[in-house]
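Biologist: Please take me through one part of this model in close detail. Start from a single residue and work outwards.

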Amino acid sequence: MKESRNSFSGSLGFVLASAGSAVGLGNIWRFPYLAARDGGGLFLLLYILLAVTFGFTLLITEVAIGRRSRQGPLTAYKFFHKKWAFIGILSFIVPYIIYPYYCVIGGWVLKYLTTYATFNAAEPVADGYFSNFISDQWSPLIYMAVFAVLCFYVVYRGVEKGIERYSRIIMPILLLMVVAICLYSLTISHTDANGVTRTGLQGAAVYFIPNFDGITVKKFMMIALDATGQLFYSLSIAMGIMVTYGSYMKRSVNLGKAVDRIEIFDTSIAILAGMMIIPAVYVFMGTEGMGAGPGLMFVALPKVFDSLGSFGPIFGLVFFLTVTFAALTSAVSILEATVASFMDKFHWSRRKAVITMSATGFVWSVIVCLGYNIFYFEYTLPNGAVAQILDIFDYISNNVLMPFLAICTCIMIGWVVKPRLLIGEIRMNGYKFHRKKLYIIMLRYVVPVLLTILLISATGIF
């Protein structure tokens, strides 16, 4: 172990930084639109069940791998078994692919934040506003660059002075803003042109109460697969991030308790994110508005804010400020995973690693931005979706590499290295591992099977 290795100051620093990574666009943007599309309460029920089994298994495994090896993801897996070192390469490639397009989406969020902060709340309501913005040549590049500079600064500052200090300030503010917006969403009501009145509480009922109408076995499986895929986003697993953060965890910290807290914090934020968005969209746009898909945040929500009258611009400003904080905490963790990998593999200084990873990531971000104008093309993915450059990056990383990486991790730890090695790491400092038997069953059998189905589904076979 390198004594000079950066580390979090303690359990709270690790939990806040890890939760900051987990609470990103995956929770604030992706979770609500999937929940809205997949029947609200049914998706939510499946997600919670999977989070405490499937998600917990992968999360605690990756953190334990990091702390046991005291290395970044590129070299951590080789520490356990030389023949499985390729998993480390995959766990470097995944965040390296994700970071460029994450910065692009972060730039989009900054654009909307700036629009509301400069009292131009009426602009995003116009039809075509979002598509016109992302297809513009220079504006998305500028906002992306600002977002990337913010990420660079935090990671350059290091683990304790940068990532941890930033997370200690941002996460409590983020939580307060999310809760405040949730409470407000539950109190609103609206009567449409047909005289139908809908309330926030009715929207919450749609979100929380499972609806089994029209549910077939195939549709149920697709909802379960959506919930499984969402866990990768929500818990930052199979991205090398939790291995990295685990490597910064001090031996004196109770690893099991810290992971329990991350799981609770992240799942709570995911549920609150749905409460923040779905009731408001339901009130003003009904169930049709809830089917807006990925455009829910950038297209549907500004129309909701506009319907709130004089309070709308304030609501929009607070919302996009919340999303900006969430996007930054996640982007910082993604960049840190690549930086830690190069520092451990090539013994680079943090300065050299951050500059190199940020610079190459910026080049790819520019290409992704230009994918909506100069480099625009349409490509049909194996699952039938029509994609541009950003969508292709997202598909390769999230639909192919992440499930495959997680399957390999389960096989290596579950069957080759054997679970007892990590269980010993998890039990350090007196943690009573009550889910030990469940953990072994999930690691060896259930998770690999689920992920194999998820990987096959990405090909469009079913």
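Take V416 as the starting point. Is V416 buried, partly exposed or exposed, and what is its relative accessible area?

Modeller: This is a predicted model. V416 is partly exposed, because its relative accessible area is 32%, while buried means under 20% and exposed means over 50%. V416 sits in helix α16.

V416 is part of a nonpolar patch on the surface. Its partners there are I411, W415, I441, Y445 and V446. Together the patch residues offer about 490 Å² of accessible area. Two elements give two or more residues each: α16 (389–417) and α18 (436–457). The 32% of V416 also fits the entry rule, since a patch residue needs over 30% relative accessible area and no salt bridge.

Now follow the chain out of α16. K418 lies in the loop between α16 and α17. The phi of K418 is near 85°, a positive value in a residue that is not glycine. K418 is partly exposed, at 29% relative accessible area. A second residue with this kind of backbone angle is S236, with phi near 55°. S236 is found in the loop between α10 (217–235) and α11 (241–247). S236 is buried, with a relative accessible area of 2%.

Helix α17 comes next on our route. Here charge pairing enters the picture. Side chains of opposite charge can pair when their charged atoms come close. The whole structure holds eight salt bridges. One of them joins R67 and E425, with 2.8 Å between the closest N and O atoms. R67 belongs to helix α3 (residues 41–69) and E425 to helix α17 (residues 420–426), so this pair links distant parts of the chain, 358 residues apart. Both R67 and E425 are buried. The pair is also part of a network of salt bridges that takes in R67, R68, R251 and E425.

Helix α3 has another long-range approach. L45 lies in α3 and is partly exposed, at 42% relative accessibility. In sequence, L45 and A227 are 182 residues apart, yet their C-alpha atoms are 9.4 Å apart in space.

Go on to the loop between α17 and α18. R435 is the residue to look at. R435 forms a salt bridge with D260, the closest N and O atoms being 3.3 Å apart. R435 lies in that loop and D260 in helix α12 (residues 255–289), so the pair ties together parts 175 residues apart in sequence. R435 counts as partly exposed, at 23% relative accessibility. D260 is buried, with a relative accessible area of 18%, because buried means under 20%. Beyond its neighbours within four places in sequence, D260 is in contact with F56, Y431 and R435.

R435 also meets E263 in a salt bridge, 3.1 Å from N to O. Again the loop between α17 and α18 is linked to helix α12, this time across 172 residues. E263 counts as buried, at 6% relative accessibility.

Two further spots are worth a look. N373 lies in the loop between α15 (350–370) and β3 (379–380). N373 is buried, at 19% relative accessible area. N373 touches I134, S135, D136 and Q137, leaving out residues up to four places away in sequence. From N373 to I134 the C-alpha distance is 8.1 Å, with their positions 239 residues apart in sequence.

The other spot is a helix pair. The axes of α8 (residues 159–187) and α14 (residues 312–346) come within 9 Å and cross at roughly 145°. The crossing is left-handed. The α8 side of the contact includes V159, I163, Y166, I170 and M171. The α14 side includes F315, V318, F319, L321 and T322. Further along, Y184 and S185 are among the α8 residues in the contact, and V332 and E336 are among those of α14.

Back to the start. V416 is partly exposed, in a surface patch to which α16 and α18 each give two or more residues.

Conventions:
Residues are numbered from 1 along each chain as its sequence is written. This is a predicted model: local features need pLDDT of at least 70, side-chain atom pairs count only at pLDDT 80 or more; totals for chains, interfaces and linings use all residues. Side-chain values use heavy atoms; hydrogens and water are left out. Patches are made of residues with over 30% relative accessible area and no salt bridge: like charges are joined within 9 Å, nonpolar side chains (Val, Leu, Ile, Met, Phe, Trp, Tyr) within 5 Å. Accessible areas come from the Shrake-Rupley method with a 1.4 Å probe; for residues, only the protein chains shown count as cover. A salt bridge is a side-chain nitrogen of Lys or Arg within 4 Å of a carboxyl oxygen of Asp or Glu. Helices (H or I, at least four residues) and strands (E, at least two) are DSSP runs, numbered from the N terminus. Buried means under 20% relative accessible area, exposed over 50%, partly exposed in between (1.4 Å probe, protein chains only). Axes are lines fitted to C-alpha atoms, for helices over the stretch in contact, and angles run from 0 to 180 degrees between N-to-C directions. A crossing is left-handed if the near helix is turned anticlockwise from the far one by less than a right angle, and right-handed if clockwise. Contact means heavy atoms within 4.5 Å.
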